[in-house]
Amino acid sequence: MKIGYARVSTLEQNLDLQLRALEKTGCKKIFREKVSGSNRERPQFQRMLDQIRVGDTIVVETRPPSALNPGPLGNDGNNSPGWWKVSVAL
């Protein structure tokens, strides 16, 4: 099963772009979190790790810092964000 993890650093930030991208990749379950990167306690991330099984794929959608501003990495010309996808198969 594909399992997604989405995180933003502040309560004011929005997870929508990440969630849409994870849904588009076919994630059946998505864990979401709004917690600072400096905070090592990430309960949803830990919950995800507790629930994954052999054969699952973890998908994490993140944008590189340069894509936070409009520019060549922010859009690939197909009206989709310039995401980096990391998939880890267990």
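Biologist: Why does Y5 count as buried?

Modeller: This is a predicted model, by the way. Y5 has 6% relative accessibility, and buried means under 20%, so Y5 counts as buried.

Biologist: And what makes F45 partly exposed?

Modeller: F45 comes out at 32% relative accessibility. Buried needs a value under 20% and exposed one over 50%, so F45 falls in between and counts as partly exposed.

Biologist: Why is the aromatic pair of Y5 and F45 called edge-to-face?

Modeller: The ring centres of Y5 and F45 are 5.1 Å apart, and there are 70 degrees between the planes. Centres have to lie within 6.5 Å to pair, and planes over 60 degrees apart count as edge-to-face, so Y5 and F45 fit on both counts. The structure holds one aromatic pair.

Biologist: How do you know that the pair links distant parts of the chain?

Modeller: Y5 sits in strand β1 (residues 2–8), while F45 belongs to helix α2 (residues 43–51). The two are 40 residues apart.

Biologist: What else is in α2? How about P43: buried or exposed?

Modeller: P43 is in helix α2. Its relative accessibility is 58%, and the mark for exposed is over 50%, so P43 counts as exposed. From P43 to R32 there are 11 residues in sequence, and 9.8 Å in space between the C-alpha atoms.

Biologist: Back to β1. What makes this strand largely enclosed?

Modeller: Of the seven residues of β1, five are buried, so the rest of the structure largely encloses the strand. For the protein chain, buried residues make up 31% of the 90 residues.

Biologist: How do you know that β1 and β2 pair?

Modeller: Two strands need at least two bridges to pair, and β1 and β2 (residues 29–34) have six, in the parallel sense. For example, I3 has K29 as its bridge partner in β2, and G4 stands opposite I30 in β2.

Biologist: What route does the chain take from β1 to β2, and which hand does the crossover have?

Modeller: The chain goes from β1 through α1 to β2, a β-α-β crossover that is right-handed. Along the sequence, the full pattern is β-α-β-α-β-β, with two helices and four strands.

Biologist: Which residues of α1 are buried, and what puts them on the same side?

Modeller: In helix α1 (residues 16–24), the buried residues are Q18, L19, A21 and L22. They span an arc of only 165 degrees around the axis, so they sit on the same side of α1. The face turned away from that buried side carries R20, E23 and K24, which are exposed.

Biologist: What happens just after α1?

Modeller: G26 takes a positive phi there, about 95 degrees.

Biologist: Which residues make up the largest nonpolar core?

Modeller: There are eight: A6, V8, L15, L19, L22, C27, I30 and V59. At least two of these core residues come from β1, and at least two from α1. Another core lies apart from it, with six residues, including I3, Y5, F31 and I52.

Biologist: What makes Y5 eligible for a core?

Modeller: A nonpolar core takes buried residues, and Tyr is one of the accepted kinds. Y5 is buried at 6% relative accessibility, and Y5 is listed in the core of six residues.

Technical notes:
Residues numbered from 1 in each chain as written. Predicted model: local features only at pLDDT ≥ 70, side-chain atom pairs only at ≥ 80, totals over all residues. Heavy atoms only, no water. Buried < 20%, exposed > 50% of the residue type's maximum accessible area, 1.4 Å probe, protein only. Arc of directions from axis to C-beta. Phe/Tyr/Trp six-rings, centres within 6.5 Å; stacked < 30°, edge-to-face > 60°. Core = buried A, V, L, I, M, F, W, Y, C linked by side-chain atoms within 4.5 Å. Right-handed = clockwise from strand over helix to strand, strands pointing away.
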